[in-house]
Amino acid sequence: MTCERGMRDYMICTNCNVVFHNDPEDVSDYFNLTEGLAFACSQACAEKIRMGSLIDHMKRKTNYEKKTASQG
């Protein structure tokens, strides 16, 4: 795969949008994607994505619990 600038085998970090070429961290499972579709450029970016995913999940769970408690 080649981008406009002619770079081969590049990846874009899901967290910071930096273009990188080596040592990807696969973060596809945090987005419920097939393995190999979402990458982070470093362990730090992967950790930020993981924490954001957990916080988002907990917010949705809290909202769901509030809705079900008020219904019945």
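This passage walks through the fold, the core, the surface and a few selected contacts of one small set of structural elements in a predicted model.

The protein contains one helix and four strands. Followed along the sequence, these elements come in the order β-β-β-β-α. Of the 72 residues in the protein, 17% are buried. The protein exposes about 5,700 Å², and carbon and sulfur atoms supply 51% of that area. Contacts can also be sorted by how far apart the partners sit in sequence: among those between residues at least 6 apart, 18% join residues at least 24 apart.

The interior is a good place to look next. In soluble globular proteins, nonpolar side chains tend to be buried together. Here the largest nonpolar core has nine residues, namely M11, C13, F20, V27, A38, A40, C45, A46 and I49. Helix α1, which spans residues 43–71, gives the most to this core, with three residues. F20 is one of the core members, and its surroundings can be traced in some detail. Leaving aside neighbours within four places in sequence, F20 is in contact with D9, Y10, M11, I12 and C13, and also with F39, A40 and C41.

The loop between β3 and β4 holds two residues worth comparing, S28 and L33. S28 has a relative accessibility of 2%, so it counts as buried, the limit being under 20%. L33 has a relative accessible area of 41%, and is therefore partly exposed, a class that lies between 20% and 50%. The two residues nevertheless meet: beyond its neighbours within four places in sequence, S28 is in contact with L33, T34, E35, G36, L37 and A38. With A38 there is a polar approach as well, as a polar atom of the S28 side chain lies 3.0 Å from the backbone nitrogen of A38. L33, for its part, joins F31 and L37 in a nonpolar patch on the surface, and together the three have about 290 Å² of accessible area.

Charged side chains complete the picture. The count of salt bridges comes to one. It links E47 with R50, whose closest N and O atoms are 2.7 Å apart. Both residues belong to helix α1, where they are three residues apart, or about one turn of the helix. E47 is partly exposed, with a relative accessible area of 32%, and R50 is also partly exposed, at 27% relative accessibility.

Terms used:
Residues numbered from 1 in each chain as written. Predicted model: local features only at pLDDT ≥ 70, side-chain atom pairs only at ≥ 80, totals over all residues. Heavy atoms only, no water. Core = buried A, V, L, I, M, F, W, Y, C linked by side-chain atoms within 4.5 Å. Buried < 20%, exposed > 50% of the residue type's maximum accessible area, 1.4 Å probe, protein only. Contact = heavy atoms within 4.5 Å. Patch = residues over 30% accessible without salt bridge, like charges linked within 9 Å, V, L, I, M, F, W, Y side chains within 5 Å. Areas by Shrake-Rupley, 256 points an atom, 1.4 Å probe, with all protein chains shown as cover. Salt bridge = Lys/Arg side-chain N within 4 Å of Asp/Glu carboxyl O. Polar contact = N/O pair within 3.5 Å; in protein donor to acceptor, adjacent residues only side chain to side chain.
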